[in-house]
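Biologist: I am new to this structure and would like the terms explained along the way. Please show it before we start.

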Amino acid sequence: MTKNETIKSWIDQYSGQLLRRAVYLLSDRVEAEDIVQEVFISAFSSYESFEGKSQPLTWLITILNRKVADFYRKKYKSEPQIRLDHFFDETGSWKNDDVLNDWNAENKGTELLDDTEFNTLEDCLEELPVRWKLPMKMYYLQEKKAPEVSQELNISTTNLWKILQRGRMQLRECLEFNWFAQL
């Protein structure tokens with residue numbers, strides 16, 4: 001079978017699987033279709049390097065994964081599309097200080113949580129088992145990093161993530177019952 005025939009048969013056999021994988025990785029069908037096309041172009045260009053030690057699909061998925069990584073690298077290294085020169089001068093100062101005054105006037109006397117909501121949150125935190133309460137408070141309220149919390153509590157990071165997950169679930173249940181059900 002010639003190179004062209006092989007690539008054509010791969011396109012027929014593996015396009016669907018590669019497209020599903022690309023859509024899963026990119027969450028954008030149009031981008032995924034473009035990436036799959038690039039995969040087959042790369043496979044055609046570097047066909048001679050395919051030694052046949054693995055299945056063609058494995059090789060194509062490897063190319064796909066590299067193309068997706070390149071896509072994200074390029075996307076996040078590009079310049080941001082937001083322009084702020086309308087709001088700030090060359091020194092980084094506000095062009096119009098009235099914006100700050102408006103924010104201060106609007107937010108005067110408003111809190112994120114009122115006393116009742118805050119007390120409900122505190123009560124729900126206190127209902128957590130002792131071994132969950134401390135990691136939850138350290139990680140979320142004191143904003144300590146996971147390695148730091150793990151080290152201070154002498155637990156593995158994996159264990160910490162599991163404790164945080166279980167704590168969040170119990171906290172959510174408590175808040176739903178004691179706060180949101182009351183609305």
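Biologist: Which residues form one aromatic cluster?

Modeller: Trp-10, Tyr-47, Phe-50 and Trp-59 do. The model is predicted, with local features needing pLDDT of at least 70 and side-chain atom pairs counting only at pLDDT 80 or more, while totals for chains, interfaces and linings use all residues. Residues are numbered from 1 along each chain as its sequence is written, and side-chain values use heavy atoms, with hydrogens and water left out.

Biologist: What makes Trp-10 and Trp-59 an edge-to-face pair?

Modeller: Rings of Phe, Tyr and Trp (its six-membered ring) pair if their centres lie within 6.5 Å; planes under 30 degrees apart count as stacked, over 60 as edge-to-face and the rest as tilted. The centres of these two rings are 5.8 Å apart and the planes stand at 70°, so the pair is edge-to-face. Trp-10 belongs to helix α1 and Trp-59 to helix α3, so the pair ties together parts 49 residues apart in sequence.

Biologist: Why is the pair of Phe-50 and Trp-59 called tilted?

Modeller: The centre-to-centre distance is 4.8 Å and the angle between the planes is 35°, and a pair that is neither stacked nor edge-to-face counts as tilted. Phe-50 and Trp-59 are both buried (under 20% relative accessible area; exposed is over 50%, partly exposed in between, with a 1.4 Å probe and protein chains only). The whole structure has seven aromatic pairs.

Biologist: How do you know that the length of helix α3 agrees with its number of residues?

Modeller: Helices (H or I, at least four residues) and strands (E, at least two) are DSSP runs, numbered from the N terminus. The expected span is 1.5 Å times one less than the number of residues. For the 22 residues of α3 (residues 56-77) that gives 32 Å, and the end C-alpha atoms are 32 Å apart, which agrees.

Biologist: What do the buried residues of α3 pack against?

Modeller: They pack against α1 (3-26) and α2 (29-45), where contact means heavy atoms within 4.5 Å. Trp-59, Leu-60 and Ile-63 are among them.

Biologist: What makes the contact of α6 with α7 mainly nonpolar?

Modeller: Leu-134, Pro-135, Met-138 and Tyr-139 in α6 meet Ala-146, Val-149, Glu-152 and Leu-153 in α7. Ala, Val, Leu, Ile, Met, Phe, Trp, Tyr, Cys and Pro count as nonpolar, Asp, Glu, Lys and Arg as charged, and the others, Gly among them, as polar. These residues divide into seven nonpolar, no polar and one charged.

Biologist: How many helices and strands does the protein chain have?

Modeller: The chain has eight helices and zero strands.
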